[in-house]
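Please take a moment to look over the chain as a whole before turning to single residues. The paragraphs below go from the overall picture to a few chosen places.

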Amino acid sequence: MSFFGTPSSSTTVGASTPDAKDIEVAEPPTDSISSLAFCPQADYLAVGSWDNNVRIYEVGQNGQTQGKAMYPHQGPVLSVCWNKEGNKILSGGCDNAGRMFDVTTGQSTQVAQHDAPIKCVKWIETPQGGILATGSWDKTIKYWDLRTPSPISTVQLPERCYTFDVVYPLMVVGTAERHIQIFNLTNPTTAFKTIASPLKWQTRVVSCFPAANGFAVGSVEGRVAIQYVDEKDSSNNFSFKCHRRDQSPTTKDQSLVFAVNDISFHPVHGTFSTCGSDGTINYWDKDARTRLKSFDPAPGPVPATCFNRNGTIFAYAVSYDWSKGHSGMTPGNVNKLMLHACKDEEVKRKPAKR
């Protein structure tokens, strides 16, 4: 098992953070951060980066962090997740490979293969056991039983997979050309509904509601749509603008528009966060259709976020998010991992209006 340097305490970052208590993780990745995932059993954070590595950090009770392990891909890592037991980390990246890191043995093995980069990996816990799903730019999703080298099945997508999310039995896939496919994982090989994204611009992220009855979609154009699966709930569908800035106080109709990079649902309250290329983070209550909190923590884009298993810690990355392509990758981009202690008033739903 490869460890980073000596254990070092985290530093508390000052006034540029939402409050002075956000904690900066020691020894962050050396290139853009693509994906964050907390272990479902303990406060371990897996981090995928464009420096070709997955890092695992242990988060202590007071937010102090220690790098515990690291394993490589042969190209940038685009997605990380954990299995249900929290003893294996799964990752996919630009080497077209899915890899598994066994926390107990410290060994990394290849467990999946595509014909193009793997954009997204998710663990699916079914009544029959755990399955790895990998979504790729080769226009397929593949399901893997980790005990066998070949995929159990392959799903042809209408376009390249940009994002997908799973809350069993719901799986929602967002592809190029604004296709969104909705799966019931009791029949995992056929989408039961295919729709065009309710947003007019390219899909950046989809995230399933904790209740598995709908999903949120974020686009490159600073909008989020809330979508329910059942037609009977369609009156609750709506979209809203976020991650936008007025160019000046006198030009309200000329907003600067930023990509919505990630959407993370709170595991207890069902509220959610959005983060964007503008360096801001918002917490939202979709049922009250209101913003709960907004903070502006970052001297650069926020590409990825996640809550820990009980919603007390919110992790976010600050680094270049590739929303402006190669030309936006200028020298001096920061790479930071930050931990925010969630307060109830920030993430709790608003009481229903009478």
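**From the whole chain to single residues**

The accessible surface of the protein comes to about 15600 Å², and 49% of that area belongs to carbon and sulfur atoms. The model shown here is a predicted one, and its secondary structure consists of 1 helix and 31 strands. Of the 354 residues in the protein, 55% count as buried. If we take the contacts between residues at least 6 apart in sequence, 45% of them join residues that are at least 24 apart.

With this overview in place, we can turn to the interior. The largest nonpolar core has 16 residues, and those with the most contacts inside it are Leu36, Phe38, Leu45, Val47, Ala315, Leu337 and Leu339. At least two residues of this core come from each of the strands S3 (33-38), S4 (44-49), S5 (53-59), S30 (313-318) and S31 (336-341). A second, separate core has 15 residues, including Ile141, Val166, Val173 and Leu185.

To see the surroundings of one residue of the largest core, consider Val47. Leaving aside residues up to four places away in sequence, Val47 touches Pro29, Ile33, Ser35, Leu36, Asn53, Val54, Arg55, Tyr57, Val80 and Leu337. One of these neighbours, Ser35, has its place in strand S3, and Ser35 counts as buried because its relative accessibility is 10%, where the limit for buried is under 20%. A polar atom of the Ser35 side chain lies 3.0 Å from the backbone nitrogen of Val80. With the same sequence neighbours left out, Ser35 touches Ala46, Val47, Gly48, Leu78, Ser79, Val80 and Ala304.

Val80 also leads us to another strand. Lys122 and Val80 are 42 residues apart in sequence, yet their C-alpha atoms are 7.8 Å apart in space. Lys122 is found in strand S11, which covers residues 118-126. Is Lys122 buried or partly exposed? Its relative accessibility is 24%, so Lys122 counts as partly exposed. Beyond residues up to four places away in sequence, Lys122 touches Cys81, Ile131, Leu132, Ala133, Phe164, Asp165 and Val166, and Val166 is among the residues of the second core.

A further place to examine is His243, in the loop between strand S22 (238-241) and strand S23 (244-246). Although His243 lies in a loop, it counts as buried because its relative accessibility is 3%. The side chain of His243 makes a polar contact of 3.0 Å with the side chain of Asp278, and its side chain also makes a polar contact with that of Thr280, again at 3.0 Å. When residues up to four places away in sequence are not counted, the residues that His243 touches include Gly222, Leu256, Phe258, Cys275 and Asn282.

The UniProt record, an unreviewed entry, places the feature "repeat: WD" at residues 26-59, 70-111, 111-154 and 260-294. Over residues 26-59 the chain is 0% helix and 56% strand, with its end C-alpha atoms 11 Å apart. Over residues 260-294 the chain is 0% helix and 60% strand, and here the end C-alpha atoms are 14 Å apart.

Finally, we can ask about the cysteines. How many disulfides does a search of the whole structure find? The search finds 0 disulfides. Cys208 counts as buried because its relative accessibility is 3%, and Cys306, with a relative accessible area of 8%, is therefore buried as well.

Methods: Residues numbered from 1 in each chain as written. Predicted model: local features only at pLDDT ≥ 70, side-chain atom pairs only at ≥ 80, totals over all residues. Heavy atoms only, no water. Core = buried A, V, L, I, M, F, W, Y, C linked by side-chain atoms within 4.5 Å. Buried < 20%, exposed > 50% of the residue type's maximum accessible area, 1.4 Å probe, protein only. Helix = DSSP H or I, 4+ residues; strand = E, 2+ residues; numbered from the N terminus. Contact = heavy atoms within 4.5 Å. Polar contact = N/O pair within 3.5 Å; in protein donor to acceptor, adjacent residues only side chain to side chain. UniProt positions renumbered as here; feature names shortened; annotations may be inferred. Disulfide = S-S within 2.5 Å. Areas by Shrake-Rupley, 256 points an atom, 1.4 Å probe, with all protein chains shown as cover.
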